[in-house]
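Colleague: Please take me through one part of this model in detail, beginning with the backbone and then following the side chains outward from there. I would like the criteria behind each term as you go.

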Amino acid sequence: MILRDMTEADLDAVLRIEREVHAHPWTQGNFGDALRSKYLCKVYEAEKGMLGYAVLMLAVDEAELLDIAIDSRHQRHGLGRKLLDGMLELARRRDMHRVVLEVRISNTAAIGLYRKAGFADIGLRRDYYPALNGREDAILMGREL
């Protein structure tokens, strides 16, 4: 399995996964903007194709994990942790001192993954995400590198 740069040619596969695993997915425009903004947009793939992807925004000495997903057919096999660890290593190599992220308060699987990877709660953003019945809070998490 490799982690490589995402390109415009990957967007159809990325969007398929994004729409499959997120209730309120990013749009093609969101991913295009991330690529044009030179965020660290990575694709995680194996011989069989794309397993997942992640988007990391770098700012001075802190990075923000904006999006991360593993294809639903490949979840619960440790691939999310491997992808997350790969993104943390990329941030470390670029002299980032900390990584932050937001996660839906209802996304217990992701919260568990982040906590096992050393992230701690650092705040709560009320009504941050759109939800089926209004808005949903986000937990702001961070981890020193």
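Modeller: Arginine 76 is exposed, with a relative accessible area of 76% (exposed means over 50%, buried under 20% and partly exposed in between, with a 1.4 Å probe and protein chains only). This is a predicted model, in which local features need pLDDT of at least 70 and side-chain atom pairs count only at pLDDT 80 or more, whereas totals for chains, interfaces and linings use all residues. Residues are numbered from 1 along each chain as its sequence is written, and side-chain values use heavy atoms, with hydrogens and water left out.

The place of arginine 76 is the loop that joins strand 4 (62–70) to helix 3 (79–93), where helices (H or I, at least four residues) and strands (E, at least two) are DSSP runs numbered from the N terminus. Its phi is near 70 degrees, a positive value in a residue other than glycine. Most residues other than glycine have a negative phi. Aspartate 127 also has a positive phi, near 55 degrees, but this residue is found within strand 6 (residues 120–131) and counts as partly exposed at 47% relative accessibility. Another positive value, near 65 degrees, belongs to lysine 38, which follows helix 2.

Helix 3, which follows the loop of arginine 76, can be traced to helix 4 (residues 108–116), since the two axes come within 11 Å and cross at roughly 50 degrees; these axes are lines fitted to C-alpha atoms over the stretch in contact, and angles run from 0 to 180 degrees between N-to-C directions. Helix 3 is therefore oblique to helix 4, given that angles under 35 degrees count as roughly parallel, over 145 as roughly antiparallel, 65 to 115 as roughly perpendicular and the rest as oblique. The crossing is right-handed, a term used if the near helix is turned clockwise from the far one by less than a right angle. The residues that meet there are Gly80, Arg81 and Leu84 from helix 3 and Leu113, Tyr114 and Lys116 from helix 4, a contact being heavy atoms within 4.5 Å.

Leucine 3, in strand 1 (residues 2–5), is partly exposed with a relative accessible area of 30%. Leaving aside residues up to four places away in sequence, leucine 3 touches Lys42, Val43, Tyr44, Leu83, Gly86, Met87 and Leu90. Its C-alpha atom lies 29 Å from that of isoleucine 122, a residue 119 positions apart from it along the chain.

Beyond strand 1, aspartate 10 sits in the loop leading to helix 1 (11–21) and, at 9% relative accessibility, counts as buried. With the same exclusion of residues up to four places away, aspartate 10 touches Arg4, Asp5, Val43 and Met50. With arginine 4 the side chain of aspartate 10 forms a salt bridge, at 2.7 Å from N to O, the criterion being a side-chain nitrogen of Lys or Arg within 4 Å of a carboxyl oxygen of Asp or Glu. Arginine 4, for its part, is partly exposed at 23%.

The structure holds 16 salt bridges, and another of them pairs glutamate 136 with arginine 104, whose closest N and O atoms are 2.8 Å apart. That pair links distant parts of the chain, with glutamate 136 in strand 7 (residues 134–144) and arginine 104 in strand 5 (residues 98–104), 32 residues apart. Glutamate 136 is buried at 13%, and arginine 104 likewise counts as buried at 16%. Aspartate 121 and arginine 115 also meet in a salt bridge, at 2.8 Å from N to O, yet here aspartate 121 is partly exposed at 41% and arginine 115 is partly exposed at 45%. Elsewhere, Arg16, Glu20, Asp71 and Arg73 are linked in a network of salt bridges.

Helix 2 (residues 28–36) completes the picture, its buried residues being Phe31, Gly32, Ala34 and Leu35. Seen down the helix axis, these fall within an arc of 160 degrees, so they line one face of helix 2; the arc is that of the directions from the helix axis to the C-beta atoms. They pack against helix 1, strand 2 (40–46), strand 3 (49–59) and strand 4.
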